[in-house]
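Ready for a few short exercises in reading a protein model? Have a look at the structure first, then work through each task with its solution.

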Amino acid sequence: MKMLLIEDNAALQLSLQRSFERRGMHVVCCGDGARALDRWLASVPDVVVLDLSLPGRDGLQILEAARQAGLATPVLILTARGTVGDRVLGLNLGADDYLAKPFDLDELEARVRALARRARSSEAAAPAPEFCGLRCSPDSEAITWHGTPMELTAREAALLRALLSRPGQAVAKDKLAEHVFAGDASVQPDAIEVVVYRLRKKLQGTEAELVTLRGLGYLLRRGGGPSTGP
């Protein structure tokens, strides 16, 4: 099981990483709120343990941006900000659990494993997004074409996941930008077009085609590619 630990306290981060790795988990760490979402997209964790008070970007802002981007990874908020208002806001923004500092390590582990089990159960019940041989794995969010992993950047994968959730239907440009850039205010409005261009090139040779609908957005439709896998 892979856990992403977003915590800026270096001593606590190291202690938790060592403790969970001794218990059989793989732990990816990030202490910078400004880089947390990119690390989330790149590592594809089973569970995220998220502190709220972070440099660069607040934990609640990270959580909100992740949910807007379509990231459904279970999130446990771990923080000293234990007021009822913070807990309610965190849960309303998409957190799955909340544990205040100081905490018991055994309880934290139990909650993390419970979130992972619940997520696996939900994923098993729901069919994986699939279209024209393209499939988004419910376990890792990796995308394959007829079983062969596609070489995509994190942003290209986020774009394709969003389109795979609604094949044959137009998705608005601004909505796709929210998924791909996850609320990054520094990104220019037309930056999504660059990602679309790169993904369109990588879809060449598959049965799927990424189409621009002026004024409406983009859609994934069956194109004129081969009918069999690579």
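Three exercises with worked solutions follow.

This is a predicted model, in which local features need pLDDT of at least 70, side-chain atom pairs count only at pLDDT 80 or more, and totals for chains, interfaces and linings use all residues. Residues are numbered from 1 along each chain as its sequence is written, and side-chain values use heavy atoms, with hydrogens and water left out.

**Exercise 1.** Find how many helices and strands the protein chain has, and what share of its residues is buried.

*Solution.* Start with the helices (DSSP runs of H or I, at least four residues) and strands (runs of E, at least two), numbered from the N terminus. The protein chain has eight helices and 11 strands. Next, use the burial cut-off: buried means under 20% relative accessible area with a 1.4 Å probe, counting protein chains only. Of the 230 residues in the protein chain, 43% are buried.

**Exercise 2.** Decide whether helix α6 is largely enclosed or not, and explain why.

*Solution.* First locate α6, which spans residues 154-164. Then list its buried residues: E156, A157, A158, L159, L160, R161, A162, L163 and L164. Because nine of the 11 residues are buried, helix α6 is largely enclosed by the rest of the structure.

**Exercise 3.** Work out whether T144 is buried or exposed, and which residues it contacts.

*Solution.* Begin with its place: T144 belongs to strand β8, residues 143-145. T144 has 18% relative accessibility, so it counts as buried. Finally, look for contacts (heavy atoms within 4.5 Å). Setting aside neighbours within four places in sequence, T144 touches G133, L134, R135, P149 and M150.

How values were computed: Buried < 20%, exposed > 50% of the residue type's maximum accessible area, 1.4 Å probe, protein only.
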